[in-house]
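Dear colleague,

Please find below the sequence and structure that I am handing over to you. My notes on them come after it.

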Amino acid sequence: MSTQIYNRVALIGLGLIASSMAHATRRAGLAGEIVGTSRSAETREIAQEIGLCDRIVDTAAEAVEGADLVILCVPVGAMEAVAKEIAPHLAEGATVSDVGSVKKAVIAAIAPHLPPHAQFIPGHPLAGTEHSGPRSGFAELFDNRWTILTPVEGADPQATEKLRSYWEGLGANVDEMEPDHHDLVLAVTSHCPHLIAYTMVGVADDLRRVTDSEVIKYSAAGFRDFTRIAASDPTMWRDVFLNNKEATLEILGRFTEELFALQRAIRTGDGDELFDYFTRTRAIRRGIIEAGQDTDAPNFGRMSKK
Ligand code: NAP
């Protein structure tokens, strides 16, 4: 039985997310053909060399010719230029989607440029690693993770259903959300935690008394998880904060208030306050494990170093 959903899928940008999509699309046989392109000749050459797509072409305009699904997999700040480039070349009735980590600003950047015959259905897979580029992708990245679709007004429900089936074929669970709500939820669950990790690693770097070797040697004590997050792509994360200003500032405001409250509890020796707070947060971790979104294995499932 054929599992093909689209005849031709065009991936614009060939980094972590697009390369994982290419692998997972192949794994499930979801596309007749996968066409890919990337801005730099170097990335296109690597993609060619590792056989990432059925065809690698030089430009986004060329990639979308005849494609019934086009997915923009570039940093949020690059979406508008790509949308402008592909718009005149889109096939009649093509579905255009994206994987940007922010939705409201990306919709504002893309939607005005698309022709009325295209179906624009923005998306965001909640899956990633700190690695980038065409070699970093793997077919399992989306397995049992969530992908959020934020269909814009007037989107064809059938096109949305088809895209939902495609993401399910890639291994993901799919939900729909309003773009505003998406941006607020992600500010809490992803954007602000990244900023806090960046800050913590920056603080350790600034602390002259903590030598580099001590930071590395004793990093298992919590800091290591911050360093993994803080190793994420600087372009991607710059664009996330520039484009999700309102929600991230709102959450950071709340974060700062809570931090001050805990700071006061430490200063005044209010053990009950600290204990109650940490008990409440512990329950959240249990909820994440019960929802199958992380592992309860010792050391977060990491292989121990021999
Ligand atoms: P990545 O591995 O760094 O790859 C980025 C891709 O975009 C590369 O193909 C790069 O081309 C291209 N690109 C970079 N700047 C560009 C520009 N100014 N114009 C045109 N193309 C440009 O990134 P990624 O992690 O796959 O992220 C791609 C998108 O997915 C972003 O919008 C991000 O917000 C979203 N996302 C990321 C994650 C994550 O954890 N990484 C998770 C969910 C969603 P060259 O290599 O040819 O320069």
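The notes below cover the basis of the model, its two sheets and a surface patch.

This is a predicted model, in which local features need pLDDT of at least 70 and side-chain atom pairs count only at pLDDT 80 or more, while totals for chains, interfaces and linings use all residues. Residues are numbered from 1 along each chain as its sequence is written, and side-chain values use heavy atoms, with hydrogens and water left out.

**The six-stranded sheet**

Helices (H or I, at least four residues) and strands (E, at least two) are DSSP runs numbered from the N terminus, and two strands pair if DSSP finds at least two bridges between them. An open sheet of 6 strands follows the order β3-β2-β1-β4-β5-β6, with parallel pairing. Its edge strands, β3 (55-56) and β6 (119-120), each pair on one side only.

Strand β4 is joined in the parallel sense to β1 over 4 bridges, and another 4 bridges connect β4 with β5, again parallel. Within these pairs, V70 of β4 stands opposite A10, and I71 has S97 in β5 as its bridge partner. From β4, L69 and I71 point one way and V70 and L72 the other, and all are buried (under 20% relative accessible area with a 1.4 Å probe, protein chains only; exposed is over 50%, partly exposed in between). In a regular strand, side chains alternate between the two faces of the sheet.

Strand β5 (residues 95-98) pairs with β6 in the parallel sense over 2 bridges, and T95 stands opposite Q119 in β6. Helix α1 (residues 16-28) packs on the sheet, touching β1 (6-12), β2 (31-37) and β4 (69-72), and its direction makes about 165° with that of β2. Contact means heavy atoms within 4.5 Å; axes are lines fitted to C-alpha atoms, for helices over the stretch in contact, with angles from 0 to 180 degrees between N-to-C directions. Helix α4 (residues 79-86) lies across β1, β4 and β5, at about 155° to β4.

**The three-stranded sheet**

A further open sheet of 3 strands has the order β7-β8-β9 and mixed pairing. Its edge strands are β7 (123-125) and β9 (173-176), each pairing on one side only. β7 and β8 (residues 146-149) run antiparallel over 3 bridges, with L149 in β8 the bridge partner of G123.

**A residue of helix α7**

V203 lies in helix α7 (residues 179-206). At 38% relative accessibility, V203 counts as partly exposed.

Yours sincerely
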